[in-house]
Amino acid sequence: MTDAATPTPVGPSPGASPIRRPVLSGPHLRRRYAAERRFRLYGLASIAVAGLMLLLLVGSIWQKGHSAFWQTYVEITVTFSEGVLNPDGGPVDHHELERADYLSLVRDALKEQFPEATGDRRLRRQLYGIVSTNADFALRRMVLDDPSLVGQRRPVWVKLSDDLDSLAKGHIRRDLPESDRRVSDIELGWYDVLDKAGRIESRFNVDLFTAGDSREPVEAGIYGALIGSILTMTITLLVSFPVGVMAAVYLEEFAPRNRLTDVIEVNINNLAAVPSIVFGLLGLAVFLNFFGLPRSAPLVGGLVLALMTLPTIIIASRSALKAVPPSIREAAFGLGASPLQVVTHHVLPLAMPGILTGTIIGMAQALGETAPLLMIGMVAFIVDIPQGFTDPATVLPVQIYLWADSPERAFVERTSAAILVLLGFLVLMNAVAVLLRKRFERRW
Amino acid sequence: MMSNTTQATAAAPAAAPIHSVDEPRGGDPRPATATAVKIKARDVNVYYGDKHALKHVDLDINENEVTALIGPSGCGKSTFLRCLNRMNDVIDSCRVVGDITLDEADIYDPSLDVVQLRARVGMVFQKPNPFPKSIYDNVAYGPRIHGLAHNKADIDDIVRQSLERAGLLKEVHDRLDQPGTGLSGGQQQRLCIARAIAVNPEVILMDEPCSALDPIATARIEELIDELRENFTIVIVTHSMQQAARVSQRTAFFHLGDLVEVGNTEQIFTNPKDSRTQGYITGRFG
Ligand SMILES: Nc1ncnc2c1ncn2[C@@H]1O[C@H](COP(=O)(O)OP(=O)(O)OP(=O)(O)O)[C@@H](O)[C@H]1O
Ligand SMILES: [Mg+2]
């Protein structure tokens, strides 16, 4: 092109070699256009494949997990009898209410509903099993909130048992022989009676988002793990971001280039490739055994994950710093800015988008990490919602791992639901990072 | 632009240049007030790795004078200029040997504060390098970090005045908040000049400050250089013989890393001692 653009002063004098100009047609050009088109096609195809995979993944998880967001309730008519709640008469005592036998209230209500099932002991046991084993807790909470209920008769919605919940959600086929079904014919009959009477209802499963883990599948929620994840990630971010960025800035902008810094650089790159479980072992040895920090605590989990994330952040930050044009540094140095001013006023702001990208990649890895947390005891069964950084806690991926091991149908669907929540958390974190990056980029 | 002007310069170095409105300033009749030496370079050698880029340079820069550095491309003019405010420190492979003093103090003394030095010796780089910040912030940055102004109004004043002196204010006065990187090449060059003079350094090093400028803007910058000479010491690298003749009092000719000849501008252009200088200023090589 340049040849064609520059007028050649030499005329077609005899003896001079002929001037060659680029040919603007012919097979060479056609090949070039074809290659261009092919490349574009490959690009589109790979994006389409990636999109499809993502859709398949999320689609299948959603398909398995969306039913966990609903819970089937049954209405039973409970008599809050004085005899059970206040056996010795007199004024209602709060202490007594706390310890009363609410289970018998539930059972009485069920027996009242299906009097025909009261004779046989085995039948009775089946009948009691159609509601969640924790249904009595719901009654207890009601009475404690409103002691005036004592002596009254009220319709109460309680959770259906795990098996009947599955039946209501259509996970159990009625046409199978009774022996292959988790729900017996008699239970099916009861369910149909209740359903006809309009006493069965599907509601949004609020408990999934407000409860901690539980042995009882229908009571288990992910709130505890979610809080655990948030606490752990907070520690990870607070430790790894400043330390990582400082290390990168020092290595890139201040450290002399010598053998020592070379060794450090190689080691950081190696650390990024160390299997995460090794960091767990390190955490166990150092934080738990040496420093005596509490087990299963988000504090320790966050520190371990911070160690794991550090190399990622350092490497990404260093390359972002390297990408800042040297002319900017020269300009600032030339004006008499000190090295620290050059870094904080000019280099870091320009490198921030790249640093944030590296940080979010590291944090996303940390959020999904299970193995190192197993080593420091965050795999324990924890019912309580963690209140602070040193309370025992678990995190979302570990919760998923624990639930995925349980055979109950409700845990299977909760596993997928927890994965969805984890993905949502991830998307949220990414969105924050993108927003931050946009803000830095807008400063041109 | 250069190649067709060197001939004219060589023939009549003091003749009025094409676009100049006033008398030629080359052989300035103003008596140089007690030519005190501001910067003294003795046996300066610079190496980029193994490459010996500057060889045994001895040069004095006089106070309140304009010294022009001329020479063919790659001869080491920028390298020498960058030695004077230790900008070569930033380049890893670069090694400077020799003595350079500013006001009798060794600037390569390990105890010297480089930051202070660069505040005293300002620089306009060969390639325009505005910060990716607003035009205003570009100029205000120096005064801010050196605490030259204490309130917004002071800084406003400095910014406007500096832009005005660099001949840029008229073009940008209504968009001071726009990015400096969005200006044209020549505007960026003037922005960098404004940024350098905003901190009032004692010495200003200018590396081809007019390479991307039209004749009018060039004339404005040359006027500025002449104004600045009252209170500042200026070293300017230029490829325009005419410009060197117009603005400088002393001229140094570099060739392949050697300082070939240095002297009064008038003498260099009318009566060069070295045949290489003669050849270069008459356009026979370079
Ligand atoms: N950063 C560097 N690394 C290695 N060599 C360099 C570097 N900078 C300059 N040089 C070499 O040093 C020599 C002098 O370069 P310098 O930039 O001083 O030339 P100059 O006289 O300013 O040229 P020009 O007029 O083209 O700007 C050149 O040969 C160049 O290749
Ligand atoms: Mg140069």
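## A predicted two-chain model: salt bridges and the A–B contact

A:K169 and A:D165 form a salt bridge, with their closest N and O atoms 3.0 Å apart. This is a predicted model, and salt bridges are a good way into it: the structure holds 33 of them over all chains. One of these pairings crosses from chain A to chain B, and the points below look at that contact, at a few pairs inside each chain, and at chain B as a whole.

**Salt bridges within chain A**

- Back at the opening pair, A:D165 counts as buried, with a relative accessibility of 2%.
- Another pair to look at is A:D207 with A:K159, where the closest N and O atoms are 2.5 Å apart.
- A:D207 sits in helix 10 (residues 206–210) of chain A and A:K159 in strand 2 (residues 153–159) of chain A, so this salt bridge ties together parts that are 48 residues apart in sequence.
- The two partners differ in exposure: A:K159 is buried, at a relative accessible area of 6%, whereas A:D207 counts as partly exposed at 26%.

**Salt bridges within chain B**

- B:E227 pairs with B:R220 in a salt bridge whose closest N and O atoms are 4.0 Å apart.
- B:E227 is partly exposed, its relative accessible area being 36%.
- Elsewhere, B:K38, B:E63, B:D103, B:R120 and B:E202 are joined into one network by salt bridges that share partners.

**Where chain A meets chain B**

- The contact draws 19 residues from chain A and 26 residues from chain B.
- About 1,800 Å² is buried between chain A and chain B, and carbon and sulfur atoms give 65% of that area.
- The one salt bridge between the chains is made by the side chains of B:R82 and A:E330, at 2.8 Å from N to O.
- Polar contacts between chain A and chain B come to six residue pairs, with both residues at pLDDT 80 or more.
- On the side of chain A that touches chain B, helix 15 (326–334) and helix 16 (339–367) of chain A each supply at least two residues.
- Helix 15 of chain A gives the largest share of that side, with seven residues.
- Sorted by class, the side of chain A that touches chain B has nine nonpolar, seven polar and three charged residues.

**A closer look at helix 15 of chain A**

- Helix 15 of chain A is mostly covered, with seven of its nine residues buried.
- The buried residues in helix 15 of chain A are A:I328, A:R329, A:E330, A:A331, A:A332, A:F333 and A:G334; A:E330 is also the partner of B:R82 in the salt bridge described above.
- Just after helix 15 of chain A, A:G336 adopts a positive phi of about 90 degrees.

**A serine in helix 5 of chain A**

- A:S104 belongs to helix 5 (residues 102–113) of chain A, and its side chain reaches the backbone oxygen of A:D101 at 2.8 Å.
- A:S104 has a relative accessible area of 19%, so this serine counts as buried, the cut-off being under 20%.

**Chain B as a whole**

- Chain B has 11 helices and 10 strands.
- Of the 286 residues in chain B, 56% are buried.
- Chain B exposes about 12,200 Å², with carbon and sulfur atoms supplying 49% of that surface.
- Taking the contacts in chain B between residues at least 6 apart in sequence, 66% join residues at least 24 apart.

Technical notes: Residues are numbered from 1 along each chain as its sequence is written. Chains are lettered from A and ligands numbered from 1 in the order in which they are written. This is a predicted model: local features need pLDDT of at least 70, side-chain atom pairs count only at pLDDT 80 or more; totals for chains, interfaces and linings use all residues. Side-chain values use heavy atoms; hydrogens and water are left out. Helices (H or I, at least four residues) and strands (E, at least two) are DSSP runs, numbered from the N terminus. Buried means under 20% relative accessible area, exposed over 50%, partly exposed in between (1.4 Å probe, protein chains only). Contact means heavy atoms within 4.5 Å. Accessible areas come from the Shrake-Rupley method with a 1.4 Å probe; for residues, only the protein chains shown count as cover. Buried area is the accessible area (1.4 Å probe) that two parts lose on being put together, summed over both. A polar contact is a pair of N or O atoms within 3.5 Å; within protein, one must be able to donate a hydrogen and the other to accept it, and residues adjacent in sequence count only if both atoms are side-chain atoms. Ala, Val, Leu, Ile, Met, Phe, Trp, Tyr, Cys and Pro count as nonpolar, Asp, Glu, Lys and Arg as charged, and the others, Gly among them, as polar.
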